[in-house]
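This briefing introduces a protein model together with its bound ligand. Please look over the sequence and the structure before reading the notes below.

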Amino acid sequence: MKAALEAIREKARKELSEIADTKALDALRVQYLGKKGELTAILKQMGSLSAEERPVIGQLANEVRAQIEQDLEDKLASLKTAMLNRRLEEEKLDVTIPGKRQAMGSQHPLSIVLDELKEIFLGMGFSVVKGPEVELDYYNFEALNLPKNHPARDTQDTFYINENILLRTQTSPVQIRTMEQQKPPIRIIAPGRVYRSDAVDATHSPLFHQIEGLVVDKGITMADLKGTLETFVKALYGEDSVVRFRPHHFPFTEPSAEMDVMCFNCQGKGCRLCKGEGWIEILGCGMVHPKVLQNCGIDPEVYSGFAFGMGLERIVMRRYNIDDLRLFYENDLRFLNQF
Ligand code: DAH
């Protein structure tokens, strides 16, 4: 029996030394010390020993047991240390490695200039309002005094969703929505996307941006219109900018005008930039038509107003000398990173 105990001690030590994980260690513990384990099996035979042998073997059995327990414990400790070291090694952070540089986005040129425009008008006491891009025919045309047979209402030019619903072709419907909701005094600009059924080329896109303006109050005259728009142009293009107003026609204003800025390149003489004109058209404007005021429940005998509308793309193209409108929408980083 003594020899059997010694053999177990040796076998356990050998097997223990080959173990590489805690699961195998547990199995080994059961194998030797468990209820049906090898050591237990031997201890169960103690009864057959003589009175002299029993204490000797008993003591040896206890020693072997204690030895195996101690070895198991030591092995567990060293496995844990090895596991921890492996983890530390795997998860090691080298704080000296240079960080990954996060690419900083830049603002889109249309947004940069739009923000600037908003600032200018906010400074003159305007507020910024929004209207829907999917619009009712009533707001886009009818209420703006565009008769049913007006060429702009042609399906060739306008994206219709059904007979009454369309993609707005201008920001002017926001005038109507504003006047329906607010009583004068009104001083708003309404920037946003507009849509027209145009083929894409260097100066046309089925989607572009406009900025609408509307002022309604008692005693508003053409002088307010001219003063406001001249102030705006000087803020945008510089104090020495020169503007002129040309008579024009818009159904929702009377009288109507287009405003030109003198070409900065040739000072009005005519050059390639202004196509020999000396002037560059930048917006349409006029005194709000009495019928339009009436359509919104505003008495044209008491109130008057002026309105204007301009295309954002064109202003931005002038600002940065961009000659192709498509660049705005192509998301080419080589273009966008320049701003
Ligand atoms: N809505 C016009 C267009 O798209 C621009 C315009 C002209 C707006 C005159 C106005 C205005 O408010 O008074 O061509």
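The notes that follow cover the ligand site, the cysteines and one glycine.

The structure is a predicted model. In this model, 15 residues surround the ligand, and the protein buries 88% of the area that the ligand exposes when taken alone. A search of the whole structure finds zero disulfides.

**The shell around the ligand**

- Among the 15 residues that surround the ligand, the closest are Gln-170, Ser-172, Arg-196, Gln-210 and Glu-212.
- By class, the shell consists of five nonpolar, eight polar and two charged residues.
- Three strands each supply at least two residues of this shell: β5, covering 207-217, β8, covering 279-288, and β9, covering 304-311.

**Polar atoms facing the ligand**

- In the side chain of Glu-212, an N or O atom is 2.6 Å from an oxygen atom of the ligand.
- Arg-196 places a polar side-chain atom 2.9 Å from an oxygen atom of the ligand.
- Phe-308 approaches through its backbone, where an N or O atom lies 3.3 Å from an oxygen atom of the ligand.
- The ligand taken alone exposes 350 Å², and 88% of that is buried by the protein.

**Cysteines without a disulfide**

- The whole structure holds zero disulfides, and Cys-266 is accordingly in none; the nearest cysteine sulfur to it belongs to Cys-274, 3.7 Å away.
- Cys-266 is buried, and its relative accessible area is 9%.
- For Cys-271, the closest cysteine sulfur is that of Cys-263; because the distance is 3.7 Å, the two sulfurs are too far apart for a bond, given that a disulfide requires sulfur atoms within 2.5 Å.
- Cys-271 counts as buried because its relative accessible area is 18%, which is under the 20% limit for a buried residue.

**Gly-213 in strand β5**

- Gly-213 is found in strand β5, one of the strands that supply at least two residues of the shell around the ligand.
- With a relative accessibility of 0%, Gly-213 counts as buried.
- Beyond its neighbours within four places in sequence, Gly-213 is in contact with Gln-175, Ile-188, Ile-189, Phe-306, Ala-307 and Phe-308. One of these residues, Phe-308, also has a backbone N or O atom 3.3 Å from a ligand oxygen atom.
- Gly-213 and Ser-127 are separated by 86 residues in sequence, while their C-alpha atoms are 9.8 Å apart in space.

Terms used: Residues numbered from 1 in each chain as written. Predicted model: local features only at pLDDT ≥ 70, side-chain atom pairs only at ≥ 80, totals over all residues. Heavy atoms only, no water. Near = heavy atom within 4 Å. Polar contact = N/O pair within 3.5 Å; in protein donor to acceptor, adjacent residues only side chain to side chain. Areas by Shrake-Rupley, 256 points an atom, 1.4 Å probe, with all protein chains shown as cover. Helix = DSSP H or I, 4+ residues; strand = E, 2+ residues; numbered from the N terminus. Nonpolar A, V, L, I, M, F, W, Y, C, P; charged D, E, K, R; others polar. Buried < 20%, exposed > 50% of the residue type's maximum accessible area, 1.4 Å probe, protein only. Contact = heavy atoms within 4.5 Å.
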